[in-house]
Amino acid sequence: MSDVTIVGMPRSNLTRTVRIACIEKEIRFDFSSRNVQNPGQDPTSAVLKHNPFGKVPVLKHGSFTLYETAAICRYIDDSFPGPLLRPVAGKKIARMNQWISLAMTRLDQNIIRKFVIPMVFADSQQRHDPGFAIHMNQLADVIRHDLSVLNPAYDEGWLFGERFTIPDMMIMPMLHYLNAMPGGPEMLGDAPNVLDAYQRFKARSSASQTDPLLPEQVLKSA
């Protein structure tokens, strides 16, 4: 049993990011989804005990508890030996923080919260509502714009060349869900560097070990 435990939902893109960070850092950890609320439900008392905002993922390292994905990933990188999950030059670190902020405040919101989740949980009536379709098409245009901003940043491999870093670990699980949505493969196809990075991500051991195994409900929405 490890003294590091990640608490979260297996299909949470942010929980997956933290699990990927642990695997890439080559540290042993336990993963627990026990007493974690299902998507859309109120937070459980077990989760609120570790995070007063009721969100996952949560990291437990001995007696130390930490929440918020970016903070957890940085802690993992700073606290354990193993491959660096970040660049080392000052300007590159600043750029990394820029991409992390973008991933959390814009990409996660536009791709996951506003597009993927409503698309997955839309009922038949919503899917046939012209207003819903118009709204989703507008969001698709926003996502295309966001991917077009990312595309040149991925022209040399990952965001920082050959090194797979924390912002890559945040962005790629989002693209996994986007790719399963109607129009998602076409959006990625319009950003070839991003698509190439996503294909390489799928081939990584950390990706296969944390694959959320999308349920039939998600696959049928595509």
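**Reading a sheet from one residue**

Tutor: Strand β3 is where H61 lies. Keep in mind that this is a predicted model. We start from this residue and work outwards.

Student: Is H61 buried or exposed?

Tutor: The general idea is a cut-off: a residue counts as buried if its relative accessible area is under 20%. The value for H61 is 18%, so H61 is buried.

Student: Which residues is H61 in contact with, leaving aside its neighbours within four places in sequence?

Tutor: Look for residues that are apart in sequence but in contact in space. For H61 they are D3, V4, Y75 and F80. With one of these, Y75, the side chain of H61 also makes a polar contact of 2.8 Å.

Student: How do strands of a sheet pair?

Tutor: They pair through backbone hydrogen bonds, in either a parallel or an antiparallel way. Here β3, residues 58-61, pairs with β4 in the antiparallel sense, over four bridges. As an example, L59 has L66 in β4 as its bridge partner.

Student: What is the order of the four strands in the sheet?

Tutor: Read across the sheet rather than along the chain. The order is β2-β1-β3-β4; the sheet is open and its pairing is mixed. At the edges are β2 (30-32) and β4 (64-67), each of which pairs on one side only. From one strand to the next, the twist averages 20°.

Student: Which helix lies across β1 and β2?

Tutor: To place a helix, ask which strands it crosses and at what angle. Helix α1, residues 13-25, lies across β1 (4-7) and β2, and runs at about 160° to β1. Helix α3, residues 69-79, lies across β3 and β4, at about 135° to β4.

Student: How many helices and strands are there in the chain?

Tutor: The chain has eleven helices and four strands.

Student: Why does the chain's radius of gyration agree with that of a compact globule?

Tutor: Compare the expected value with the computed one. A compact globule of 222 residues would have a radius of gyration near 17 Å, and the chain has 17 Å, so the two agree. The box filled by the C-alpha atoms is roughly 50 × 45 × 25 Å along the principal axes.

Student: What share of the residues count as buried?

Tutor: Of the 222 residues, 46% do. The chain exposes about 11200 Å², and carbon and sulfur atoms supply 52% of that area. As for contacts with a separation of 6 or more, 68% of them are between residues 24 or more positions apart.

Notes
Residues numbered from 1 in each chain as written. Predicted model: local features only at pLDDT ≥ 70, side-chain atom pairs only at ≥ 80, totals over all residues. Heavy atoms only, no water. Pairing = 2+ DSSP bridges. Helix = DSSP H or I, 4+ residues; strand = E, 2+ residues; numbered from the N terminus. Axes fitted to C-alpha atoms, helices over the stretch in contact; angles between N-to-C directions. Contact = heavy atoms within 4.5 Å. Rg over C-alpha atoms; globule rule 2.2 N^0.38 Å. Buried < 20%, exposed > 50% of the residue type's maximum accessible area, 1.4 Å probe, protein only. Areas by Shrake-Rupley, 256 points an atom, 1.4 Å probe, with all protein chains shown as cover. Polar contact = N/O pair within 3.5 Å; in protein donor to acceptor, adjacent residues only side chain to side chain.
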